[in-house]
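Work through the exercises below with the sequence and the model in view. Try each task before reading its solution.

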Amino acid sequence: MSIWWSLHLRREAASVPLARRFLLGTMETAGVDPDISFDLSVALSEACANAVEHGGDRTVLGEPEDSGYGRPSADSGQYRVTAYLDGETCRIEVSDSGPGFPARRALRPAAHHPQSEAESGRGLDLIQQLSDHVQFGNRPGRGAVVSFDKVLKWREGALLTV
């Protein structure tokens, strides 16, 4: 058995704990080890917080004479969280409609960044530390995507086991 769900959320601070609680509830019901669930929920919270803060500044493309030129895109007020629990792995993706990651985004320890960059990159570094595999990417003209995986451990008698 596997579980898959997707949430479309408004870019509001209140959406972050909602997504986190949804994930924790799903994992508890399925029987995932609480330590694994906690790590993934913290990583999810960081990814959602980034989408809320940075995920909607992209503007509509087109010609300057178009009536919508330079206005926020219609989906700039929302982001999406998708989670897959399948066998031994949980994969979570958070996508937004913002400008995406800078082309030169390097995942180095925060201590190597100047102070202003270190503060803005801590969440991404935390996601990397709490997950087994992380990808940061851009969807051209459509925003950023953060996806991360973690190998699951199960409680005894779990509903969703390998």
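**Exercise 1. How many bridges join S4 to S5, and which way do the two strands run?**

Solution. Start with the extents: strand S4 covers 133-139 and strand S5 covers 143-151. Strands and helices here are DSSP runs (E, at least two residues, for strands; H or I, at least four, for helices), numbered from the N terminus. S4 and S5 run antiparallel and are joined by seven bridges; two strands count as paired if DSSP finds at least two bridges between them. Within S4 and S5, Gln135 lies opposite Ser147 of S5. This is a predicted model, in which local features need pLDDT of at least 70 and side-chain atom pairs count only at pLDDT 80 or more, while totals for chains, interfaces and linings use all residues. Residues are numbered from 1 along each chain as its sequence is written, and side-chain values use heavy atoms, with hydrogens and water left out.

**Exercise 2. Give the order of the strands in the sheet and find its edges.**

Solution. The sheet is open and has five strands in the order S1-S2-S3-S5-S4, with antiparallel pairing. S1 and S4 each have a single partner strand, so one side of each has no neighbour in the sheet. On average, neighbouring strands are turned by 10° against each other, direction ignored.

Next, place the helices. H1 packs on the sheet and touches S1, S2 and S3, where contact means heavy atoms within 4.5 Å. The direction of H1 makes about 170° with that of S1; axes are lines fitted to C-alpha atoms, for helices over the stretch in contact, and angles run from 0 to 180 degrees between N-to-C directions. H2 also packs on the sheet, touching S2, S3 and S5, and its direction makes about 175° with that of S5.

**Exercise 3. Which element gives the most to the largest nonpolar core?**

Solution. A nonpolar core is a set of buried Ala, Val, Leu, Ile, Met, Phe, Trp, Tyr and Cys residues joined through side-chain atoms within 4.5 Å. The largest one has 34 residues, and Leu40, Leu44 and Phe148 are among those with the most contacts inside it. H2 gives the most, with nine residues.

**Exercise 4. Is Ser131 buried or exposed?**

Solution. Ser131 sits in the loop between H3 and S4. Its relative accessible area is 9%, and buried means under 20%, exposed over 50%, partly exposed in between (1.4 Å probe, protein chains only). Ser131 is therefore buried. The Ser131 side chain reaches the backbone oxygen of Ile127 at 2.9 Å. Not counting residues up to four places away in sequence, Ser131 touches Ala43, Phe148 and Asp149.

Terms used:
Polar contact = N/O pair within 3.5 Å; in protein donor to acceptor, adjacent residues only side chain to side chain.
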